[in-house]
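Here is a quick tour for anyone who has the chain open on screen and wants to know where to look. Have a look at it first, then read on.

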Amino acid sequence: MRKTVSSLPLILVAGLSWMSVQDSANAPRDLVIEVHVLDAVRNPLPFVGQLTVHHPGEIQGDIQLTGVEVQNNGSVLWSQDLDISLRGDSEYGDLQGLIERLPEGVAPHHGDAHERVYSDPSDPEFTLLQGLEVRDDVIRRVHALSNRLAAGERPSFTQPRLIVPADQLMFPDAPPGTEVSVDLVLHYTLASGVQRTRSLNHLIQKLPSLPRVLGNLESGAGYTIHPGDLHVHSCHGEAAGACAPSDNCAAESFQLSGSFSFAELKTQFQALGVDWFTSTDHSYCVDTDAEYAAVVSECAAIVDANFIAIPDMELSSEEQGPQTGSDLFDLLCLFGPSANHMGAHGISTRLYGGDSGFLGFCNGLFSTALNGFISNISAVNAQGGWTIANHPAAGELGWNSREATVGQEAGGLHGVEVWNGTSMSGQGGGVGAWVDWLLAGRRLYAYSGSDTHDEAHGFGANCALVDGAFTQANLEDALRAGRSFISNGPGLVIEVGYGGADLEMGTVQSLPYPVPSAPVEVRAHFDTVGASGTVTLFRGQVGAAGEVVMGISPGQTGVGTYSVAMSLIASSRSWVRAYFESDDGALVAYSNPIFFEAPAPGCNADTFSPNHTCATAAPLVNGSYNLEVCKSEPDFLSFTVAAGDTFDAWMTFTTGVADVDVMLYDAGACSDDQNSGCTSTLACGFSGSDNESLNWTNASGADVDCLMRIHVWPGSPGDANYYALDVMGITPGGPSINSFCDPANANSSGSPVTLAASSSGVLLHLEATGGPAGQFGFMLVSGVSVAGIPVSAGLLCLGAPIGRYNATAGGALNSLGQFSSAGVLVNLVGTSTTGTGFDVPTSLPNPPGGIIIPGATWNFQLWYRDGASSNFSSGIEAGF
């Protein structure tokens, strides 16, 4: 089967000459037959298919088609009499044959790898240069053929429909991978009176079912899941033989066969387990109000309790602003502004976007058919609609206006089509384009579309979590809210436990100031539909170089939940999302994100306030911090860099909020003047762009006391901003370390566990020795030490509130370890530079929450198992 999705050809470029193209010699053919029938189903239901039948004129006289059948093992499952006469003419087949040989990019063939039907398989594919020359001839000949057919010329081709009763071919509970075959039989009579039959064998495979319910959701437990397609084309966009009242769309020069009506597409999508689609015929094909009214009427006619069709469109627009890369449509438009495509959803009236005539799809030297994409987005929004950037990373009609595009945060695009066509996996392509936009400060949801221009096919459906009855209003509410995930089989929904509530997928959560220090729980609920695969949780932040992986959980099967603890970010918008991929790469799912909006910055006190002059600088230690700065209150931080050491600082922020600069001084040269620039600094971050960094090596031969000034540039339009600060290379002053509650109670090994501390290269390192072999334990922390309280077999010497460095705290706050045969606590979670004990981070678990700052005193103990009982180590008091 061949799935050829239309693309618009580039016209002849000045200076290229026409080259003669001859088809290979073949034995005379009576008919050429192209099959457009589903090759996979999820629900074995009857569906409409199509044969495109062409009389190439290689034998004399008309050919009469008399009947078509669908057979299985010789039994007729469906039949239909035909009375269609075809005249012999090679033009239609010659054009199709040339299109088949055009290289990808000149005429893209989405969906399955296309098979040769009209051209000889041994004929080579055209080179790119040849293709550019051939393409101009094809578009002009298609335009001429379309005009002749419209004027009443008898066709040499036809597209008889047939019904494949899939319910008679396989049982509903047939396992995925089941394959059945049908024979598509055509009966016809030659001009000589000879009767002939052609039979084409076709295979249909059973796909895994799409998810319907995820019972392990903690939010929206009553939601039902309805898969659907946001990018579907119909016969209203065909170049020759378009369905009434649409005229033939010459602009879609390569779409010559295989398209279907909406009613026919409904049967195919239902067989694929899909409950809805949006019609998105090209705005330059459905280019009159009468044609769009027909689309609206046809969609309404097929809506029932189990299926919804929504009349939208794919709106062509002119690219605007600086272009990221280029595509072949720059040539198509004769080096005028290129075009992009957006899904215009939730609209009530047709939007102008070109016309069906020659070159009616771009603004070039001879055509001004398109409006700019920015005004088109505004026009959709004015109707209460929402827009999706279609196939953003494509090599033709990609979305190259990355810089000029804004998202939901500024009334722009609503989402991005991250999956276009049959298959997708990993984080590249459309997913990569979407993530780049998120990192650059755009807030956008992820969507998918099959982009079928002929029969439907299996792809990553938009699985909408619908609240209440399955109606168009409830469906569109779910899609607009980002309450959907993309999947070709697995279920995948993300949630976050926040402030006693469960945030559902698509939520945009505004954070208060100060941002809560307690970690939140990120949960990915999944259904692997019988496969084994890996769940990955990603976290991103505006201004960062890329997303980070919060957690990976391989070997997941069945229905389950994978969760990770995460601290919230105050400095800029952040998000979390989930991804599933089966071990063989065949089944994948992408969740939509949950967004966290940073609170509006102001002159609020942060951890180090008041520290707004050189004289009031706050002491700083190595670590990570979320801070705030404003024009009237710059931040000053003090520390020492040892001789020969290198100091590094990284600041992450968004310049669009306010431009933040950073200067590193020798303490004796510090300046309070925010207009001093980089004068007298050891290092300087003064770029005027997102993020700043410092790198300085102390080559003086002596320790250097330093001050760092962080301020909002006086010329910045914004007055305040949040920033994330990461520093390393500060010489540890070393906390004062004292033991208490020593010795601890003995354990089953006969000895007590002794806790010791050091600060070489880290804030504080804890070591535990004397423990029972094979037993597990983790560290505790408190701001209060008390006389020993008997608990189980040990003495608890910490007062409330007590923090636990365990798996619930997660990440760098997890100290879980196991005693070796020598009684040494071996770190099991990678939070120790030595492999034993625990490196105490700047952040504290919750309770007590917050971070360790200079001047604070904290107390530590180890809790550990000892057979059926538990015990505690001696204590460490550390004054920072």
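Let's start with one acidic residue: D705 has a relative accessibility of 48%, so it counts as partly exposed. That label fits because exposed means over 50% and buried means under 20%. Keep in mind that this is a predicted model. D705 sits in strand 35, which covers residues 704–712. On the surface, D705 joins D645, D666 and D703 in a patch of negative charge.

Charge is also worth a look for the whole chain. There are 32 positive and 90 negative side chains, and the centres of those two sets lie 7 Å apart.

Now zoom out. The chain holds eight helices and 49 strands, and its C-alpha atoms fill a box of roughly 110 × 65 × 50 Å along the principal axes. Of its 880 residues, 58% are buried. The exposed area comes to about 30,900 Å², with carbon and sulfur atoms supplying 53% of that. Sequence-distant pairs matter in the contact list: among contacts between residues at least 6 apart in sequence, 74% join residues at least 24 apart.

The surface has a greasy spot too. F776, V826, L828 and V829 make a nonpolar patch of about 290 Å². F776 belongs to strand 40, residues 776–782, and its relative accessible area of 39% makes it partly exposed.

How many of the eleven residues of helix 1 are buried? Ten of them are, so this helix (residues 91–101) is mostly covered. Among the buried ones are Y92, L95, L98 and I99, along with the charged residues E91, E100 and R101. As for what covers them, the buried residues of helix 1 pack against strand 1 (32–36), strand 3 (46–54), helix 2 (128–150) and strand 6 (157–158).

Further along the chain, Q556 is part of strand 24, residues 548–566. Is Q556 buried or exposed? It counts as buried, because its relative accessibility is 17% and the cut-off for buried is under 20%. Leaving out residues up to four places away in sequence, Q556 touches F526, T528, A531, S532, G533, V535 and Y562. For a sense of distance, Q556 and E633 are 77 residues apart in sequence, and their C-alpha atoms are 50 Å apart in space.

Finally, a few backbone oddities. Most residues other than glycine have a negative phi, and most peptide bonds are trans. The table lists the exceptions to look up.

| Site | Feature | Angle |
|---|---|---|
| S609 to P610 | cis peptide bond | omega near -5 degrees |
| D742 to P743 | cis peptide bond | omega about 10 degrees |
| S680 | positive phi | phi near 65 degrees |
| N691 | positive phi | phi about 70 degrees |

Where do these sit? P610 is in the loop between strand 27 (594–597) and strand 28 (618–619), while P743 is in the loop between strand 37 (736–740) and strand 38 (754–758). S680 is found in the loop between strand 32 (660–666) and strand 33 (683–685), and N691 lies in the loop between strand 33 and strand 34 (692–697). As for cover, S680 counts as exposed because its relative accessibility is 54%, whereas N691, at 22%, is partly exposed.

Conventions
Residues numbered from 1 in each chain as written. Predicted model: local features only at pLDDT ≥ 70, side-chain atom pairs only at ≥ 80, totals over all residues. Heavy atoms only, no water. Helix = DSSP H or I, 4+ residues; strand = E, 2+ residues; numbered from the N terminus. Buried < 20%, exposed > 50% of the residue type's maximum accessible area, 1.4 Å probe, protein only. Contact = heavy atoms within 4.5 Å. Areas by Shrake-Rupley, 256 points an atom, 1.4 Å probe, with all protein chains shown as cover. Lys, Arg positive; Asp, Glu negative; His and termini not counted. Charge placed at Lys NZ, Arg CZ, Asp CG, Glu CD. Patch = residues over 30% accessible without salt bridge, like charges linked within 9 Å, V, L, I, M, F, W, Y side chains within 5 Å. Salt bridge = Lys/Arg side-chain N within 4 Å of Asp/Glu carboxyl O.
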